[in-house]
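Notebook open, coffee poured. I want to know how far this model can be trusted and what sits in its core.

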Amino acid sequence: MPPWFAGLNEPQRQAVQALDGPVLMLAGAGTGKTRALTARLAQLLWTGKAAPHQILAVTFTNKAAREMKDRVAALLGIASVEGWWMGTFHALAARILRREAEAVGLKRNFTILDPDDQLRLMKQLVAAEGIDDKTWPARLLLSVVERWKDRGLVPDRVSAADAGDLAGGKMLRLYAAYQARLRELNACDFGDLLLHCLTVFQSSEAVLKRYQQQFRYILVDEYQDTNVAQYLWLRLLAAGHRNLCCVGDDDQSIYGWRGAEVGNILRFEQDFPGATVVRLERNYRSTPHILGAASGLIANNESRLGKTLWTEGEQGEKVRVRGLWDGEAEARFVGEEIEALQRKGHALSEIAILVRTGAMTREFEERFVSIGLPYRVVGGPRFYERREIRDALAYLRLIAQPDDDLAFERIFNVPKRGLGDAALQTLQHLRRAQGVSLFQAARLAVGTEELRPQARRALAELVAGFERWQAQATAVPHPELAEIVLDESGYTAMWQQDKSIEAPGRLENLKELIDALAEFDSLAGFLEHVSLVMESLQDSGADQVTVMTLHAAKGLEFDTVFLPGWEEGLFPNQRALDETGLRGLEEERRLAYVGLTRARLRAIVSFAANRRLHGSWAAAIPSRFVDELPAAHVEQESDQGLYGAAAATWGGSAFGGGFRDWGETRWSPGMLRAQKAREAGTAGRGAPTLDLKARTVESLPKQSHGFARGERVFHKKFGYGAITEVEGDRLTVAFDHSDAKKVMAAFLVPAERA
Ligand code: ATP
Ligand code: MG
């Protein structure tokens, strides 16, 4: 018996042995679906049914593909797995499309656009089509296109009804124009990778047949999260031999918001009549308490197939539910728990913190940095490395330290204010010539006519903005100042107008940044802290705790899983509830189920009684998901005195109710003091301590050029002329071929040397 077979249970073996024909493994979390799929792959190779290049294996991430390759190679004792067709839908489709590019009017070396390029292109087209981008922002229209692509719809397949009055009735034309332009550029976007493949397959039977014959066996993990285009792609490829094995769990469908259709998995038996359906019921991952808690939770969803799951072994620890005062206390609690585990000899790599939104990683990162706990953030940059955070920090740095040229360059034209490369070059030139900072160069340039009037106006506005904010810094508490700066500079508005999927997350991150600011006495103190945090962000390569979003955690497992932020509005997330109602709520609940079922030995759910939102404190109530955890599997804890009587009366779902009306009366004196201090802090944090000595340029640089009135000079842009006035480094020149202009001495040379 081959080694991969020995460790499997009966239904898993069935899935591994039924090599031919359609197979569906529809089973709950941790039942060994991925393991069986991997064994099946080994079995296919071992029995000689297929050579490696004849198996198409689709995984959810490139990392999962890598793991599968390594495991199969190790099982079979194969050294090289090069050329195996294992990867994500996008990676595999791109590989096929490189070969078939000509059939869709592309060259083989086509480029794959990144989201910024995509948006730029869409903006140009929106303008060219005369669509009002205030009513119909390019971002929004781009996401419409993306959802159509998810559904496998090329422009002439979109119905007029689908397009409706989008883009003022021009949506279909816009989509066609977008596709045409991509073709001209020999480029495609992410969605096109699959869409073009579909077009190729549908337009040439011979080509399709070639791939059908090549990929004798198709394996798909996490099938519940496929969208329509991916589904069609698989169906076409499997249509001949029908050797398609899909595994998934309807309870773990968490990408509906990105066009995934859980219906794909539910329809499998209709699509492939006679399919072998394997149900796995034994969970090998989690303890009975964890599984019991997760099962009880997901039972609250109405639209599900419903399945039984059981697990053997020690009951283990109950799922701990912990209420804390605020987010900071929550992070401190998690840090302490991890240190305690560490002392008992647990590996950090077996510990994960799974958060609902990307912005939530910050509080944990801060805490871990301060206690020196190694961590990594998976599936996204760490908080202070994020684009919007770096932009915002650049604004703040420039207020505290106007000579920070890197900061200046970063936000000079962000949001776009019509200051292009030419303007920056002019400023750079001035900076070098005068030995000043870019910001000072900007102040100088607005007083002259070196820049085009439009650019000059924009720059003058920016400079005036900074002068105003620098002045306000002595009068306004710094979190408020940050809000003012982000608003007045147009930065917040930039993301508010942005209709992409990431934009709301970026706005949340900005709010989180303002909350973080409030934790420091001064802006300077905060910036100092950030630079220290940034410093220590280098990967140590050592044993590290993992911090990631619940979405990114799919398919993974850890001994210990922390699930913070289980509060109404945060999780379930208010946006999901607002946008898709009950469907959204059920997807959120599945996300909670995914989170709990990542844990092997222990799961710790937590929530805070206070969250700082928009810089002010809001009382939070525990998530309804906390109430939904069956009491028998849960151990509730809370900070001493935090909930007073509520904690004592808690029993199963009574907890939520008890907690919700704890009101002010149950606050302990210590907490009241803390809260008062906070209120005082956020309301008017005493005298601002920001050191702004360096912040304004008090005087123009001394005259150092030696030009004199009447002298003939040459200017690169305006040509020859004579100096009529000298004020420091600003000279007025009567040019021979244009009006008199104020220019900087740095741009002039004596006429005889020109
Ligand atoms: P998910 O739904 O979260 O993706 P899954 O169904 O893919 O879960 P696996 O990741 O394959 O589950 O398996 C979960 C854990 O159980 C793994 O640690 C795996 O090695 C172990 N496992 C699976 N099958 C068996 C078995 N027959 N005997 C012992 N351990 C098993
Ligand atoms: Mg799996």
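I start with pLDDT, the predictor's confidence in each residue, from 0 to 100. I also need contacts: two residues are in contact if their C-beta atoms, placed from the backbone, lie within 7 Å.

This is a predicted model, where local features need pLDDT of at least 70, side-chain atom pairs count only at pLDDT 80 or more, and totals for chains, interfaces and linings use all residues. Residues are numbered from 1 along each chain as its sequence is written, while chains are lettered from A and ligands numbered from 1 in the order in which they are written.

I looked up the weak stretches. Over residues 536-540 pLDDT stays under 50, and the model has four contacts there beyond four places in sequence. Residues 643-702 also stay under 50, with 76 such contacts. For the chain, I note an average of 84, with 88% of the residues at 70 or above. The model's scores are ipTM 0.99 and pTM 0.70.

Next I checked burial (buried: 20 or more other C-beta atoms within 10 Å of the residue's own, C-beta atoms placed from the backbone). I find 44% of the 754 residues buried.

Then the largest nonpolar core, meaning buried Ala, Val, Leu, Ile, Met, Phe, Trp, Tyr and Cys residues joined through C-beta atoms within 7 Å. I get 84 residues in it, and Ile218 is among those that touch the most other members. Domain 1 (3-98 + 196-282) and domain 2 (111-185) both contribute, so the core lies between them; the bounds come from an automatic or database domain assignment.

Last, I listed what Ile218 touches beyond four places in sequence: Leu56, Leu234, Leu237, Ala238, Asn243 and Leu244.

Technical notes: Buried ≥ 20, exposed ≤ 12 C-beta atoms within 10 Å, placed from the backbone.
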